[in-house]
Amino acid sequence: MGILNWVFSVVSAATLFVSCSSALTLDGFALLELKSGWNDTRNSLENWRDSDESPCSWTGVSCNPQDQRVVSVNLPYMQLRGIISPSIGKLSRLQRLALHQNSLHGTIPNEITNCTELRAVYLRANYLQGEIPPNIGNLTFLTILDVSSNTLKGTIPSSISRLTRLRSLNMSTNFFSGEIPDIGVLSRFGADSFTGNLDLCGRQIHKPCRTSMGFPVVLPYAENSPKRSSHLIKGILIGAMSTMAIAFIVIFVFLWVWMLSKKERKVKKYTEVKKQKEPCETSKKLITFHGDLPYSSTELIEKLESLDEEDIVGSGGFGTVYRMVMNDLGTFAVKKIDRSRQGSDRVFEREVEILGSVKHINLVNMRGYCRLPTSRLLIYDYLTNGRATEKSDVYSFGVLLLELVTGKRPTDTTFVNRGLNVVGWMNTLLKEDRLEDVMDKRCVGVDEDSVEVLIEIAARCTAANAEDRPAMNQVVQLLEQEVMSPSSATAIDYYDDSHSDYC
């Protein structure tokens with residue numbers, strides 16, 4: 001009987017050992033929790049399965065060969081949407097995190113500071129919000145930190161100054177504010193690390209901070225001596241009072257001179273006529289946003305001036321769209337504004353500056369604008385919907401709809417009108433409650449209400465009369481209210497109803 005009990009115990013232990021050895025590791029479960037917060041639009045992470053014994057063969061994952069712990073998560077340019085889950089903190093042996101050039105939003109979780117072996121963090125070109133985790137100084141091995149081109153805000157954490165191994169820092173093109181701490185490792189980085197944050201100040205960007213009274217902040221070196229501190233305070237007070245006295249004297253002299261000149265004007269009784277002159281039409285002006293166009297102004301203007309009919313890829317109610325290819329094959333979309341609709345220079349430039357500052361998942365990124373003697377041009381990122389675009393084969397919204405309905409690829413120049421007719425036809429079917437004739441029956445799990453809203457918006461945007469089309473801020477509001485796509489809550493506030501372009 002004792003032998004049977006011993007054999008049963010051995011078999012049970014072996015079974016338990018086999019089941020435990022075949023289970024997914026804790027790092028694997030942490031990665032699956034991280035994936036659950038993402039919308040994998042390209043299905044790039046389909047091999048991340050809980051049935052695997054180890055995550056080391058998953059896409060973008062690298063492990064230490066000795067203990068099979070995850071040391072790298074490398075998923076750039078994957079078109080991932082969603083948030084960074086706090087489960088990232090469970091990957092305690094993680095050394096590299098690369099999620100740049102995706103569409104992630106939300107905040108950077110404070111749990112990332114639990115990954116104390118992190119050496120490189122790449123989060124640029126997403127839609128991340130909130131502040132930098134204040135305990136980021138705990139990542140003592142960190143050598144590279146890139147959070148540029150997001151919508152982060154708040155002050156620069158002083159704990160970054162403790163990252164003695166940090167050799168690359170990029171926090172540009174965000175909404176950081178306040179003074180950049182001039183201590184520790186932060187004193188070694190220059191303006192390139194902080195450009196594009198209008199509310200930042202400090203020695204690194206050669207922009208002095210100011211007190212509430214408007215005087216530059218003076219931060220002299222002070223010893224731990226009460227007597228020396230009191231002398232400094234007295235000196236500052238005396239300097240402030242002297243400055244105010246000088247200001248009062250200047251104001252008094254100005255008013256006295258102004259009163260004398262007023263009397264002289266009454267005696268002479270002359271009228272001065274000021275003629276307003278239009279700005280010089282021969283001037284050229286080029287403004288770029290985000291600071292990430294690696295081309296000189298001369299090269300960009302030369303390419304813009306050389307655009308002709310062969311580069312046209314589409315047209316709308318407000319102008320013609322061209323494809324501009326640079327010498328290094330970088331491609332951009334250029335919209336030439338119709339002169340009869342453009343308004344004054346000041347209104348035009350103010351509006352494009354607002355559009356250039358807005359980053360939104362559903363809006364094409366605007367790189368800048370150019371004012372030439374004969375035209376005004378808007379420069380956007382060039383999107384091809386994943387297809388190779390040729391001069392005679394332009395894929396637009398109308399073309400894709402026409403190809404979907406007819407099953408044929410359009411080749412003649414009338415495809416645009418036919419594509420727009422398809423939009424109207426689909427909208428008519430929706431009004432007749434015939435959604436089943438619009439949607440492909442192969443589509444599974446599609447929100448029918450969202451499809452109806454999108455087609456209704458498309459029909460309004462493709463109205464024959466440009467004046468009947470909704471403004472861009474209205475389109476964004478409809479998308480966020482009806483389709484519930486993630487975006488910054490403050491993005492809509494940048495738009496002015498009276499000066500918005502039409503889709």
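**View 1. Helix 4 has an exposed side and a buried side.** Thr 298 and Glu 302 are exposed, on the other side of helix 4 from its buried residues. Here, exposed means over 50% relative accessible area, buried under 20%, and partly exposed in between, with a 1.4 Å probe and protein chains only. The buried ones in helix 4, which runs over residues 297-305, are Leu 300, Ile 301 and Leu 304. They cover an arc of only 95 degrees around the axis, which puts them on the same side of helix 4; the arc is taken from the directions from the helix axis to the C-beta atoms. An α-helix has 3.6 residues a turn, so residues three or four places apart point the same way. Strand 14 (285-288) and strand 19 (376-381) are among the elements covering the buried residues. Helices (H or I, at least four residues) and strands (E, at least two) are DSSP runs, numbered from the N terminus.

This is a predicted model, where local features need pLDDT of at least 70, side-chain atom pairs count only at pLDDT 80 or more, and totals for chains, interfaces and linings use all residues. Residues are numbered from 1 along each chain as its sequence is written, and side-chain values use heavy atoms, with hydrogens and water left out.

**View 2. Two disulfides, one left-handed and one right-handed.** The structure holds 2 disulfides, meaning pairs of cysteine sulfur atoms within 2.5 Å. Cys 56 and Cys 63 make one of them, with sulfur atoms 2.2 Å apart. The torsion about their S-S bond is about -105 degrees, so this disulfide is left-handed. Cys 201 and Cys 209 make another, with sulfur atoms 1.9 Å apart. Here the torsion about the S-S bond is about 100 degrees, so the disulfide is right-handed. Cys 201 and Cys 209 are both buried, while Cys 56 is partly exposed at 23% relative accessibility.

**View 3. Phe 194 sits buried in a loop.** Look for Phe 194 between strand 12 (175-179) and strand 13 (199-201). Its relative accessibility is 1%, so Phe 194 counts as buried. Leaving aside residues up to four places away in sequence, Phe 194 touches several others, including Leu 169, Met 171, Phe 189 and Ile 205. Touching means contact, with heavy atoms within 4.5 Å. The C-alpha atoms of Phe 194 and Ile 180 are 9.0 Å apart, and these two are separated by 14 residues along the chain.

**View 4. Salt bridges link parts of the chain.** The whole structure has 8 salt bridges, each a side-chain nitrogen of Lys or Arg within 4 Å of a carboxyl oxygen of Asp or Glu. Arg 69 and Asp 27 meet in one of these, at 2.8 Å from N to O. Arg 69 lies in the loop between strand 2 (61-63) and strand 3 (70-74) and Asp 27 in helix 2 (residues 26-36), so the pair ties together parts 42 residues apart in sequence. Asp 27 is buried at 4% relative accessibility, and Arg 69 is partly exposed at 25%. Lys 90 pairs with Glu 33 in a salt bridge, with the closest N and O atoms 3.0 Å apart. Lys 90 lies in the loop between strand 4 (80-82) and strand 5 (96-98) and Glu 33 in helix 2, so this pair ties together parts 57 residues apart in sequence.
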